Amino acid sequence: MAPTAALEALLWLISAVLVVPWLAAEESGALPSSSSSGCQRSCGGVDIPFPFGIGPDYCMMNPGFTITCNDTGNGFHKPFLGTTNVEVLKISLLQGQAQVLQPISSYCYNPETGQIIDKDEWRWDLRNTVYTFSDTFNKFTVVRCRTLAYIGDTRNFSAMHQTGCVAMCFQGKMSLNPCSGMGCCQTAIPPGLQYYHVCFDKRLNMSGINYDGGNGPCSFAVLMDWANFTSSTIHVNLTSLDFYDSRQGMAPVVLDWSIRHGDCAKPEYACVRILVVILVALIAILATEVFLHKQNNKRQWYFEQHGGRMLSRILETDGNIAFTLYERGDIMKATRGFHKGNIVGEGAHGTVYKAILRHGDIASTVAVKRCKQIDESRKMEFVQELVVLCRVNHPNIVRLLGCCLHFEAPMLVYEFVQNGTLSDLLHGTPRRRVTLATRLRIAAEAAEALAHLHSPPHPTLHGDIKPQNILLDHRWVAKVSDFGCSTIDDNIQVVPKGTLAYLDPQFLQDFQITDKSDAFSFGVVLIELLTGKNPQAKEWKNLTTTFQNCMGNGTLGNLVDTDIVEEEGAMGLINSAAQLVSRCIASPGNARPAMGLVAEELRRFSDEMPERPEARQALEVEGETTGFNNLAAWSTELAR
């Protein structure tokens, strides 16, 4: 059985055997409620979990677990064990431990007389309590030169069990790190210790050591949490009292606590309660670990499945690629967990979400496209496609900013484009007036984008040129939308379904997409710009053939959009643009011009009839009155 499966089975077993019956008994009234009102559960920033308690008897399991919260001055409170002056630093329910403070024992001499001038040998009795001194986390620690100290039970010397260590110095040198005998020594204590007395051996002392200072040569010994000691950076020399003074004469010690036989006699439910509290805590922690482990494994599998490791290596090798591999949490937060209110478009290849992604203190609005799942056999193709796309940087191409591969389906992150598509501009409801200058300018920008895609060093084919894939930004500048998801979808050719009106007829013969295929599709887009007719509409499904017939019999003026025919000096540019269209849709494909030449001619046409500023302003006004800026239209196309 796999480790996670065994762990899950264990959790279910514990729940079924212990927790569920207890909860049922509590609900039925057989046991008192596990939450006691009026019980203080913290003091001075220290959590006080049951079986410990502050206040009435019912707040703790029995008086042995009593914690007192005392005012130490200026309104500041600290917790103490029972009615003692032993301060509690922290209590661990799962480890069954408590860390407390105890005094550091000292032994000081008069250097001139060799007599003891101060001696404080601490003793502590934990018998008849729930505590023992932890032999795992504590070590008996002795500091200073020529010091021999013992720790043990001095009440009965005939049966005394004690241990000790000696700290010596060589030429006055001492070392705390590591504490290995030179001015500092540490030793373990026996298990189960509940009483000890610290004793110094007077046969070894510092009276014969030269020193310079007025504090007198003192030796120190204490049972303490060794981890706390090793983290210390205090410097120790022959005359310094830093070890003692920096701790204000106190050191932390770890106590093990346990529930012994008889602790639960009254009330009877107390042991059940503490067991359930511990079990519930363990179950919660283990269940969380199992869940997170499985989730992390799944996310990492997705990352590998989508070629994430391969993509990471490519990005590391080529440091010039401005592309971000986003974390799953970033995408979840940016889309509000893919909240339906963030959806701005859905199509055949995925769903688009409007998202706010933060990079440091800068927040940016982006479009997150949730692609359909890809086939493992096309992993390499997908990675190569991403590398090509992220290298594309052109003002008239929608930028791919990054991706996230920790989901079942890849997430592509694009720049946000807000003013819809060219299709919406031409065929939106209500119909809007678009000048010839605006149409030529948009055509030139789109052609320049395609020319850039086709150019070295990484020539790229688009494969799905149509007005729905030409977006318009806040300044109505054309941006050709990329084709990330559409080229990686399973069992789908690079040309998506439903765009036969723009499809190169030659593709239907050899099923090969070339730069001339993009030129044909763009030629159909030019026809749509000149005529205002939608080649996907039923009545204009043979628009290309109709256009060629009109060019042949000289009746093009009857087909062109009346909005632009009526413009002054327009017909000459319309005829020139129509000639360019004829070359773009010519057969065979090798007779068509390269997109670079198409872009040059369209830019020249646009320069001959420059767009007036008021034309774009009119689009803004009309867009606001028709609700065109609602993002849904362009986002749906981006999702296709």
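**Exercise 1. Find how confident the prediction is, and where the confidence drops.**

Start with the chain as a whole. The average pLDDT (the predictor's confidence in each residue, from 0 to 100) is 78, and 77% of the residues score at least 70. Now look for weak stretches. Residues 17-36 have a pLDDT below 50; beyond near neighbours in sequence, this stretch has 26 contacts in the model (heavy atoms within 4.5 Å). Residues 484-498 are also below 50, and there the model shows 39 contacts beyond near neighbours in sequence.

Keep the ground rules in mind. This is a predicted model, where local features need pLDDT of at least 70 and side-chain atom pairs count only at pLDDT 80 or more, while totals for chains, interfaces and linings use all residues. Residues are numbered from 1 along each chain as its sequence is written, and side-chain values use heavy atoms, leaving out hydrogens and water.

**Exercise 2. Lay out the open sheet of five strands.**

Step one: write the order. The sheet runs S8-S7-S16-S11-S14, with antiparallel pairing. Strands here are DSSP runs of E, at least two residues, and helices are runs of H or I, at least four, both numbered from the N terminus. Two strands pair if DSSP finds at least two bridges between them.

Step two: mark the edges. Strand S8 (116-120) and strand S14 (184-187) each pair on one side only. From one strand to the next, the twist averages 10 degrees. Angles run from 0 to 180 degrees between N-to-C directions, with axes as lines fitted to C-alpha atoms, for helices over the stretch in contact.

Step three: zoom in on one pair. S11 (residues 138-143) and S14 pair in the antiparallel sense over four bridges. Phe140 stands opposite Thr187 in S14.

**Exercise 3. Describe the disulfides that involve this sheet's strands S7, S16 and S14.**

A search of the whole structure finds four disulfides (pairs of cysteine sulfur atoms within 2.5 Å).

Take Cys108 and Cys218. Their sulfur atoms are 2.0 Å apart. The torsion about the S-S bond is about 115 degrees, so this disulfide is right-handed. Cys108 sits in strand S7 (residues 105-109) and Cys218 in strand S16 (residues 218-225), 110 residues apart. Check burial next (buried is under 20% relative accessible area, exposed over 50%, partly exposed in between, with a 1.4 Å probe and protein chains only). Cys108 is buried at 6%, and Cys218 is buried at 4%.

Take Cys165 and Cys185. The S to S distance is 2.2 Å. With 75 degrees about the S-S bond, this link is right-handed. Cys165 lies in strand S13 (residues 162-167) and Cys185 in strand S14, 20 residues apart. Cys165 is buried at 10%; Cys185 is buried at 6%.

**Exercise 4. Work out what the Cys39 and Cys59 disulfide ties together.**

First, the bond. The sulfur atoms of Cys39 and Cys59 are 2.1 Å apart. At -90 degrees about the S-S bond, the link is left-handed. Second, the places. Cys39 is in the loop between helix H1 (3-28) and strand S1 (42-43), and Cys59 is in the loop between strand S2 (46-47) and strand S3 (67-71), so the pair ties together parts 20 residues apart in sequence. Third, burial. Cys39 counts as buried at 15% relative accessibility, and Cys59 at 0%.

**Exercise 5. Place Ser423: is it buried or exposed, and what does it touch?**

Ser423 lies in helix H8 (residues 422-427). Its relative accessibility is 11%, so Ser423 counts as buried. Not counting residues up to four places away in sequence, Ser423 touches Gly428, Pro467 and Gln468.
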